[in-house]
Amino acid sequence: QVQVVESGGGLVQAGGSLRLSCSVSGRTFSSLAMGWFRQAPGEEREFLAVISRIAMRTYYADSVKGRFTISRDNAKSTVYLQMNSLKPEDTAVYYCAAANSAYPPSKYDYWGQGTQVTVSS
């Protein structure tokens, strides 16, 4: 059974930084493309970033490009989302997801429970 677990959320002031982590077990991590999403109250889930299996390729939503960086450590079965210059509108529950398909994934097969990020003004 595949488990996806996010961590690293919290409360931060506008302009600050956070790094989210997502660990995966139950599947060979290097066979998975990994993505980050978020969902704010009353909003639809929003794609943020994706990284290919061996981290050769990444892609970002315009809303976070230049501020957020996705990376992975296959030896640790972990993907990260470094978030800089945070804004109050970045407040949301952040989700990590894993895809069995090749990059770019057409769908994500496994999802975490989410971690709350709150940015105060």
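Two strands count as paired if DSSP finds at least two bridges between them. Keep that in mind on this tour of a predicted model.

**Stop 1: the whole chain**

Start with a cartoon of everything. You'll see zero helices and eleven strands, so the run from the N terminus on is simply β-β-β-β-β-β-β-β-β-β-β. The radius of gyration is 13 Å, close to the 14 Å that the globule rule gives for 121 residues, so the protein is as compact as a globular protein of that length. Draw a box along the principal axes and the C-alpha atoms fill roughly 40 × 25 × 25 Å.

Switch on a surface for a moment. About 6200 Å² is exposed, with carbon and sulfur atoms supplying 47% of it. Buried residues make up 43% of the 121 residues. If you like contact maps, take the contacts with a separation of 6 or more: residues 24 or more positions apart account for 54% of them.

**Stop 2: the four-stranded sheet**

Now select β1, β3, β8 and β7. In that order they form an open sheet of four strands with antiparallel pairing. The edges are β1 (3-7) and β7 (68-73), each of which pairs on one side only. Look along the sheet and you can follow a twist that averages 15° from one strand to the next.

Begin at the β1 edge. Its partner is β3 (residues 18-25), and the two run antiparallel over five bridges. To find one of the bridge pairs, pick Glu6 and look across to Cys22 in β3.

While you're on β3, click Ser21, which sits in that strand. Is Ser21 buried or exposed? Its relative accessible area is 17%, and under 20% counts as buried, so Ser21 is buried. Ignoring residues up to four places away in sequence, Ser21 touches Val5, Glu6 and Ser7, then Trp36, and also Thr78, Val79 and Tyr80.

**Stop 3: the β7-β8 hairpin**

Move over to the other edge. Here β7 and β8 pair in the antiparallel sense over six bridges. Arg72 is a handy pick, as its bridge partner in β8 is Val79.

Turn on side chains for β7. In a regular strand the side chains alternate between the two faces of the sheet. On β7, Phe68, Ile70 and Arg72 make up the covered face, while Thr69, Ser71 and Asp73 make up the uncovered one.

Then follow the chain round the hairpin, where four residues lie between the two strands. Stop at Ser77, in the loop between β7 and β8. Its phi is near 55°, a positive value in a residue other than glycine. Ser77 is partly exposed, at 21% relative accessible area.

Carry on past β8 to Ser85, in the loop between β8 and β9. Ser85 also has a positive phi, near 50°. At 42% relative accessibility, Ser85 counts as partly exposed.

**Stop 4: Arg67**

Step back to the loop between β6 (58-60) and β7, and select Arg67. Is this arginine, Arg67, buried or exposed? Arg67 is buried, with a relative accessible area of 11%. Show what lies around it: leaving out residues up to four places away in sequence, Arg67 touches Gln82, Met83, Asn84, Ser85, Leu86, Lys87 and Asp90.

**Stop 5: the nonpolar cores**

Hide the cartoon and go inside. In soluble globular proteins, nonpolar side chains tend to be buried together. The largest nonpolar core here has 29 residues. Which of them have the most contacts inside it? Select Met34, Trp36, Val79, Leu81, Met83 and Tyr94. The elements giving two or more residues to this core are β3, β4 (33-39), β5 (46-51), β7, β8 (78-83), β9 (92-99) and β11 (115-120).

Zoom in on Met83 with its surroundings as sticks. Aside from neighbours within four places in sequence, Met83 is in contact with Gly16, Ser17, Leu18 and Leu20, with Arg67 and Phe68, and with Tyr94 and Val117.

For a last selection, try Phe37, Val50, Ala99 and Tyr108. These are among the members of a second, separate core of eight residues.

Technical notes. Residues are numbered from 1 along each chain as its sequence is written. This is a predicted model: local features need pLDDT of at least 70, side-chain atom pairs count only at pLDDT 80 or more; totals for chains, interfaces and linings use all residues. Side-chain values use heavy atoms; hydrogens and water are left out. Axes are lines fitted to C-alpha atoms, for helices over the stretch in contact, and angles run from 0 to 180 degrees between N-to-C directions. The radius of gyration is taken over C-alpha atoms; the globule rule is 2.2 Å times the number of residues to the power 0.38. Buried means under 20% relative accessible area, exposed over 50%, partly exposed in between (1.4 Å probe, protein chains only). Contact means heavy atoms within 4.5 Å. Accessible areas come from the Shrake-Rupley method with a 1.4 Å probe; for residues, only the protein chains shown count as cover. A nonpolar core is a set of buried Ala, Val, Leu, Ile, Met, Phe, Trp, Tyr and Cys residues joined through side-chain atoms within 4.5 Å.
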